[in-house]
Amino acid sequence: MDIKVRGLCKSYGDLTVFDHGDFDFACGQTHILMGESGCGKTTLLRLLMGLEKPDGGTVEGVDPGSMAAVFQEDCLCLNLTPVTNVALVCTMQGSVGAGGGKTPPGMALPLPHRVRKRDMRRNIMDHLERVGLGEAAFRPTRELSGGMRRRVAIVRAMACGADTIFMDEPFKGLDEKNRDECIAYVRDLSAGKTLIVVTHSPEECELLGGQLHHMEASPHGQDDRKQVTQGARII
Amino acid sequence: MEEKRTRQPRHGIRLWAVVFWLALWQVAAMCIKQEILLVSPVLAVGRLAQLALTPGFWGSIGFSLLRIASGFLLGLGFGVGLAVCSALWVRVRELLAPFMQTAKSIPVASFIILCLVWISSRNLSVFIAFLMVLPVIYTNTLEGIGNMDKGLQDMARVFGVPAARRVAYIYTSQVMPYIKSGCKISLGICWKAGIAAEVIGIPSGSIGEKLYQSKIFLDMPDLFAWTIVIVTISVLFEKLVLRLMEWGVYAMEHR
């Protein structure tokens with residue numbers, strides 16, 4: 001089901017972020033949101049995820065039971081290991097910790113209904129190894145570098161089996177090699193899923209592919225109104 | 001170099017400091033030379049060794065330990081439970097605010113005398129320890145819940161993490177430092193208040209009764225010996241409780 005946002009209004013005090021905004025995100029595709037800082041990209045993601053209530057308008061097509069996200073901050077439990085951080089969210093159908101036919105392509109094999117903890121850990125390890133975190137998998141997350149934590153956050157979003165994934169500047173702070181590895185990993189696992197990524201980098205945009213949405217101030221000269229220009233599809 | 005700069009100072013009790021204060025105590029006792037005013041540590045420990053061989057010694061420790069520990073555990077359980085309810089429902093918080101404030105402000109002696117009318121002296125220390133612990137644990141836990149990482153809560157909501165997992169892996173580890181801090185503060189208070197309740201209520205076979213008798217007969221070696229016992233039990237109990245809490249959190253997170 002496509003994500004449809006109609007008549008979205010959101011203000012913080014005197015600051016109007018959205019004034020009757022309409023957005024469409026086709027199901028099962030990758031969407032890249034770009035735009036200058038402070039134009040409302042993060043707010044839009046939070047509204048889509050249901051973390052903020054709109055002042056007006058409707059958001060349709062987001063299944064609250066099958067969402068995942070990479071937040072601007074890593075939002076990891078620092079006392080837990082990367083494996084446990086990922087396992088914590090693996091409750092959805094199709095995650096590395098559940099049975100069913102939605103296992104991410106190229107990753108875990110179809111699993112029996114009650115997957116044993118050991119098997120789940122092995123599957124999570126597969127994911128972590130793909131982004132170069134095999135060695136760090138069982139270290140407390142607080143001991144990891146910022147880039148490593150970022151990759152754990154990406155793995156958590158991709159391994160949980162969600163149908164809709166929101167990413168807010170997911171590759172921020174990663175060096176080029178790790179960023180390219182992570183983008184390849186995300187691209188691999190996002191086939192058939194709705195992926196909405198906020199980024200400032202045209203290079204990341206090129207590597208990820210998908211539909212480009214550019215958020216900008218309204219051409220009518222009202223700085224507080226935003227519009228989304230739907231650009232060409234990037235392959 | 002970096003390691004040296006960032007190393008935190010150790011806050012625990014150091015052996016040299018203990019030796020220093022014991023030595024000072026010994027020197028002071030030797031200078032005063034009057035047992036009735038100040039007993040030397042050597043004499044106090046000697047008396048303690050004698051008491052340890054008497055039949056009533058361990059019974060008194062068991063009597064007081066059982067009651068004060070029960071009061072502490074009740075206060076801990078109710079404090080955490082009520083704080084969770086207060087965090088969930090604002091009306092509960094509003095309802096409890098005057099009670100907690102009053103419980104924190106009323107002097108222990110007033111509470112003890114008030115409660116003696118209602119509760120038998122044998123169980124008074126349970127209730128007094130409970131009353132001393134409850135507001136401290138409640139306040140700390142509520143503060144811990146209020147300071148929980150908003151980002152982690154958002155994460156749990158988006159990913160649909162089940163409630164049991166949220167509690168075990170996300171909430172507990174964030175609130176636990178506040179509960180532990182509350183325990184450290186309230187453990188000392190509950191022992192002082194519990195023993196005070198026993199000294200006033202004089203239940204037979206308690207440490208408080210022994211302290212009271214020491215006072216009546218001006219038996220200073222006994223008074224110091226029993227004080228050493230109280231301090232020792234209090235410290236050991238605190239260490240045990242904090243260790244058990246750490247172990248509990250670890251076991252929950254590494255199931």
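Start by selecting A:V83, a buried residue with a relative accessible area of 1%. The model on screen is a predicted one, and every stop below should be read with that in mind.

**Stop 1: A:V83 in chain A**

Show the secondary structure around A:V83 and find helix α2 of chain A, residues 82-89, where A:V83 has its place. Which residues does A:V83 touch, not counting those up to four places away in sequence? Select A:R121, A:I124, A:M125, A:L128, A:A137 and A:F138 to see them. The burial of A:V83 follows from the cut-off: a residue counts as buried under 20% relative accessible area, and A:V83 has 1%.

For a sense of scale, draw a distance from the C-alpha atom of A:V83 to that of A:L15. The two atoms are separated by 41 Å, and the residues are 68 apart along the chain.

**Stop 2: two salt bridges in chain A**

Select A:D24 and A:K4. Their side chains meet in a salt bridge, 3.8 Å from N to O. The pair links distant parts of the chain, with A:D24 in strand β2 (residues 15-25) of chain A and A:K4 in strand β1 (residues 3-12) of chain A, 20 residues apart. Is A:D24 buried, exposed or partly exposed? At 35% relative accessibility, A:D24 counts as partly exposed. A:K4 also counts as partly exposed, at 35% relative accessibility.

Next select A:R139 and A:E143. These two form a salt bridge in which the closest N and O atoms are 3.9 Å apart. A:R139 has 34% relative accessibility and so counts as partly exposed.

Over all chains, the count comes to 17 salt bridges.

**Stop 3: the interface of chain A and chain B**

Colour by chain and turn to the contact between the two. Chain A contributes 26 residues to the contact, and chain B contributes 17 residues. The size of an interface is often given as the accessible area lost when the parts come together. Here the area buried between chain A and chain B is about 1700 Å², with carbon and sulfur atoms giving 63% of this. On the chain A side, select A:L51, A:N79 and A:L88: these lose the most area to chain B, together 27% of what that side buries.

How many salt bridges does the rule find across the interface of chain A and chain B? It finds one. Select B:D154 and A:R46, whose side chains meet in a salt bridge at 3.1 Å, N to O.

Keep B:D154 selected and add B:K150. B:D154 forms a salt bridge with B:K150 as well, the closest N and O atoms being 3.3 Å apart. Both residues lie in helix α8 (residues 150-159) of chain B, four residues apart, which is about one turn of the helix. B:D154 counts as buried, at 6% relative accessibility. Now add A:K10 and A:E52 to the selection: A:K10, A:R46, A:E52, B:K150 and B:D154 are linked in a network of salt bridges.

For the complex, the predictor gives an ipTM of 0.84 and a pTM of 0.80.

**Stop 4: B:Y171 in chain B**

Select B:Y171, which lies in helix α9 (residues 163-201) of chain B. B:Y171 is partly exposed, with a relative accessible area of 23%. Leaving aside neighbours within four places in sequence, B:Y171 is in contact with B:M148, B:Q153 and B:R166. Add B:R157 and draw the C-alpha to C-alpha distance from B:Y171: the residues are 13 Å apart in space and 14 residues apart in sequence.

**Stop 5: aromatic rings in chain B**

A pair of aromatic rings is described by the distance of the centres and the angle of the planes. Over all chains, the count comes to nine aromatic pairs. Select B:F57 and B:W226: their ring centres are 5.1 Å apart and their planes are at 35°, so the pair is tilted. B:F57 lies in helix α4 (residues 55-88) of chain B and B:W226 in helix α11 (residues 220-253) of chain B, so the pair ties together parts that are 169 residues apart in sequence. Both B:F57 and B:W226 are buried. Add B:W58, and the cluster is in view: ring pairs link B:F57, B:W58 and B:W226.

Finish with B:F63 and B:R67. The charged end of B:R67 sits over the ring of B:F63, 3.8 Å from the ring's centre.

As for confidence in this chain, chain B averages a pLDDT of 91, and 95% of the residues score at least 70.

Technical notes: Residues are numbered from 1 along each chain as its sequence is written. Chains are lettered from A and ligands numbered from 1 in the order in which they are written. This is a predicted model: local features need pLDDT of at least 70, side-chain atom pairs count only at pLDDT 80 or more; totals for chains, interfaces and linings use all residues. Side-chain values use heavy atoms; hydrogens and water are left out. Rings of Phe, Tyr and Trp (its six-membered ring) pair if their centres lie within 6.5 Å; planes under 30 degrees apart count as stacked, over 60 as edge-to-face and the rest as tilted. Helices (H or I, at least four residues) and strands (E, at least two) are DSSP runs, numbered from the N terminus. Buried means under 20% relative accessible area, exposed over 50%, partly exposed in between (1.4 Å probe, protein chains only). A charge sits over a ring if NZ of Lys or CZ of Arg is within 6 Å of the ring centre and within 35 degrees of the ring normal. A salt bridge is a side-chain nitrogen of Lys or Arg within 4 Å of a carboxyl oxygen of Asp or Glu. Contact means heavy atoms within 4.5 Å. pLDDT is the predictor's confidence in each residue, from 0 to 100. Buried area is the accessible area (1.4 Å probe) that two parts lose on being put together, summed over both.
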